[in-house]
Each structure stands twice: as structure tokens, then as C-alpha cells.
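Please keep the sequence and the structure side by side while reading, since the paragraphs below move back and forth between the two.

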Amino acid sequence: MINALTNMTDIRLTLKLKSTFAFVLLFAGNLTFTIQSCTTPEPKQNTNETERANFPISIFDSSLIPVNSFGDSVRYGRELLLNTAKYIGPEGSVSKHLGNKMNCTNCHLDGGSRPFGLNFFTTFKSYPQYRGRENAILTLADRINNCIERPHNGTPMPINSKEIMSIVAYIKWIGSIVPKDSALISGTSSEITLPLRAADPLKGSKIYDSKCKSCHGATGAGILNADSTTYIYPPLWGMQSYQLGSSMHRVLKAARFIKSNMPHNEATWNAPLLTDEEAIDVAAFINDDEIHPRPSKKATTAGDYPVSRVKPIDYDIPPFEDTFSSSQHKYGPFKPIIEYHKTNGIPIVY
Ligand code: HEC
Ligand code: HEC
């Protein structure tokens, strides 16, 4: 019990201390910190087979959650990650903060516990963190609210709400049980070899028809469950899908997720089904704004990346720190952009 309380106090304290820390750094204007922390870390995937075999495909085992009040928080956080819409969706029983019926686990696979499936293995310890999109240092609670606002097209929850606190507790717990010495925890999504050509939405549409349509549907709208409260297969575009300001809307970010995880439960990080080029083409097709509408909240995205030198290379809204067009930032070829950034000392983020 004492332990449990210590743990919860620990989280509250962490949130509080971290905000203070953020405040100090923000005003100190520490540029070195800025640039280092927003560069995507290179995931190490050259692990040997034994290590892969020893690392469970999912560490999502709720029986490991402690039986105390910290554990209660973790369990509720886990429940929220898996059944987000049920609690805080448009028809949620607790609140109506989400604008769509997707669940966090639709992207943070197995509740953020799958290697290279947008996991939360090292998340807890990497916040507070500088974020180029806001040009500010965000706490973990702020970052969670980012996903509530963006892919979920919703409104932020109070950071001291039971829900946010519980998601933080859950993410802390995941970080505490993951094997620390495994190279498989070093990346949230797979690395990808960038092709010399631009991503091709037309080629991507053929891949979509043969490898994705059966679940996500011909209109990309996914398939709702029996009582229409959430999805069996989540949407990939349309007004019920993630919005324009979401990370998944960026071609490279989406391709890296798709490569190691889609088609769902067939592809894995160590046995992907799509080639890197196919993953990039299908990501381009899904995120082609000329044919696939999605929600756009100008008020949320208008001020994104106020410092353009820290923009990800696959973010297509000008102004840019380099000389490339909006279309090249969206679809590539990305190698010339990377070369330009290297030559001119501009951070390479994707
Ligand atoms: C449409 C997909 C999608 C959905 C749904 C989604 N996220 Fe995310 N989330 C992302 C992507 C993409 C990132 C960026 C990961 C990266 O940069 O590697 C991210 C990042 C995060 C991070 C930061 C992780 C880190 O280590 O820096 C947190 C925390 C997070 N999401 C929480 C949530 C929560 C909680 C929900 C549900 C309320 C949610 N997300 C729903 C796609 C999604
Ligand atoms: C067998 C069914 C199935 C197939 C085939 C499939 N998916 Fe998925 N996909 C899913 C499910 C289920 C999820 C949500 C995972 C979860 O909740 O655990 C998902 C999630 C996603 C997501 C993140 C959530 C979202 O809606 O934005 C993307 C992106 C995605 N799939 C893309 C693809 C692409 C691209 C293909 C084809 C290469 C594909 N999927 C093929 C079932 C499938």
C-alpha cells in the first residue's frame, strides 16, 4: 500500500516537476537540446535471431500489473488505451473528448506494447520533450492530449483528470517492465530505405486494393462494430479518420508504421509483407489529399512548426528552410532533401 501510494505520488510529482523543468528550459531557450531531441532516433534492427525469439511479440500481459492503487490506475489506463471511444469517444460514458470513434490501440498496437508498433517502451522517460510542432517543451500529459486533439480530432482533457493520470500511469508501467537491454525497444516504428523516386499514390492504390481493402474498405471508412460505438477495422481516410495535423498523415511516418504492422496480424516487424517502396506508395495513396478528404482544424494546425528548420522532411506545409516544393516534401524523392539538410546544417527529422 505504501508502495502504491508512493508510486501515485511519484506520478503527480513527476508531472509537476516536469512542468517546472519544461518551464525553465523553455525560457532558457536551449537550442542544443532543441535540435537533438527532435531528430528521429535511428531504430536498431540488426538484432540477432535469439534476441528476437526471446522478446515476446507482445509484452501486453495484464497479470503483471501490481495489485495496489498504482496498479488500479495502470489497469484503468490500459482499459482507456484499448477501448478509448467507449469512455471518452463521441458517445463516451465518462466524457466526450474524442471527435471520432477510434481507439489509441488502433495505432499504438497492443496498447503500445508491440515492438515497432508505435509502442510506449521508452516514452515515460523521454518526457518532458521539446516538440518542433509546438516549438515548446511538452509533458507526457500534453503529448497524450496532442493525440486526443489530432488523430482523434477531439478536445484536450484536463491534465489532472483521472483519465490522463491513468494513461500516464500505464505508460510508466509499460516502460518499467520492458526488457531494458533489448535492441527491439529502441524504435517506435521501423526504419525504411528511401527510394530514389517520389512515392506514387497510383501504385499505392493497387496495393491498397489487393492488401488493405478487405478490412479497411473500398471507401477507406473502415468497419464499425455491431453497436457502432467503435471500429473492428479503423478508417484510413474520410471525415471519421485522423485529421490533417496528425503524424500518420505524413507519408514516411505512416509508411514506417505500415511496413512492420500491416496487413494486421500478418506482417510483423521481423517479417514485413510489403517492400519499403510498397509501404511508401500505399502511405502516399492513403494520405493523398486530392482524393481523400479528412478533418482539418485550421485553428489547431495554423501555428504548427513556427520554427521551420525543425519541420520533418515529409511535412508539406510551407514555409520551408530548404528550396524544395510542397509536393516534394509530401511525396519525395526525399534523398535530395536529406542531402540539402546535411550540407546546410538543417536537422533531418522524419
Ligand atoms: C491514427 C493513429 C494514432 C492514434 C489513434 C493515436 N496515436 Fe498517439 N501517436 C501516433 C503517432 C504516429 C505518434 C508519433 C510516434 C513517433 O513519432 O514515433 C504518436 C505519439 C504518441 C505519444 C508520444 C510517444 C513518444 O514516445 O513520444 C503518446 C504518449 C501518444 N501518442 C498517446 C496516444 C494516446 C493516449 C492515444 C489515444 C487517446 C493515441 N496516442 C492515439 C498515432 C496515433
Ligand atoms: C486483416 C485486416 C486488415 C488488413 C488486411 C489491413 N489492416 Fe490496417 N488495421 C487493421 C486493424 C484491425 C487495425 C487496428 C489495430 C488494432 O486496433 O489492434 C488497423 C490499423 C491500421 C492503421 C492505423 C489506424 C488507422 O486507422 O489510421 C493504418 C494506417 C493501417 N491499418 C493501414 C493499413 C494498410 C496500408 C493496409 C494494407 C497494406 C492494411 N492496413 C491492411 C486491420 C487490417
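What follows goes from a ligand site to a pair of helices and then to some backbone details.

The model shown here is predicted, and a convenient place to enter it is ligand 2, which is surrounded by 22 residues, the closest being Cys212, Cys215, Pro234, Pro263 and His264. Where does ligand 2 lie with respect to domain 1 and domain 2? Domain 1, spanning 2-185, and domain 2, spanning 201-344, both contribute residues to the shell, and therefore ligand 2 lies between them. Two helices, α10 (213-216) and α11 (251-261), each provide at least two residues of this shell, and the largest share, three residues, is that of α10. Sorted by class, the residues around ligand 2 comprise 16 nonpolar, five polar and one charged.

Turning to helix packing, two packed helices are described by the angle between their axes and the distance between the axes. For helix α7 (residues 140-149) and helix α8 (residues 162-177), the axes come within 10 Å and cross at roughly 110°. Angles of 65 to 115 degrees count as roughly perpendicular, so α7 is roughly perpendicular to α8. On the α7 side the contact involves Leu140, Ala141 and Ile144, which meet Ile164, Ile167, Val168 and Ile171 of α8. The residues of this contact divide into seven nonpolar, no polar and no charged.

The backbone also deserves a careful look, because most residues other than glycine have a negative phi, and most peptide bonds are trans. Against that background, the peptide bond from Met262 to Pro263 is cis, with omega near -5°, and Pro263, which is among the residues closest to ligand 2, is found in the loop between α11 and α12 (276-286). A cis peptide bond also joins Gly332 and Pro333, where omega is about 0°; Pro333 lies in the loop between α14 (326-331) and α15 (335-344).

Two residues that are not glycine have a positive phi, namely Ser228, at about 60°, and Tyr305, at about 45°. Ser228 sits in the loop between β3 (223-224) and β4 (231-233), whereas Tyr305 is found in the loop between α13 (298-301) and α14. Is Ser228 buried or exposed? Ser228 has 9 other C-beta atoms within 10 Å, and because a residue with 12 or fewer counts as exposed, Ser228 is exposed. For Tyr305 there are 21 other C-beta atoms within 10 Å, and since 20 or more is the criterion for a buried residue, Tyr305 is buried.

How values were computed:
Residues numbered from 1 in each chain as written. Chains lettered and ligands numbered in written order. Predicted model: local features only at pLDDT ≥ 70, side-chain atom pairs only at ≥ 80, totals over all residues. Near = placed C-beta within 6 Å. Helix = DSSP H or I, 4+ residues; strand = E, 2+ residues; numbered from the N terminus. Nonpolar A, V, L, I, M, F, W, Y, C, P; charged D, E, K, R; others polar. Domains from an automatic or database assignment. Axes fitted to C-alpha atoms, helices over the stretch in contact; angles between N-to-C directions. Parallel < 35°, antiparallel > 145°, perpendicular 65-115°, else oblique. Contact = placed C-beta atoms within 7 Å.
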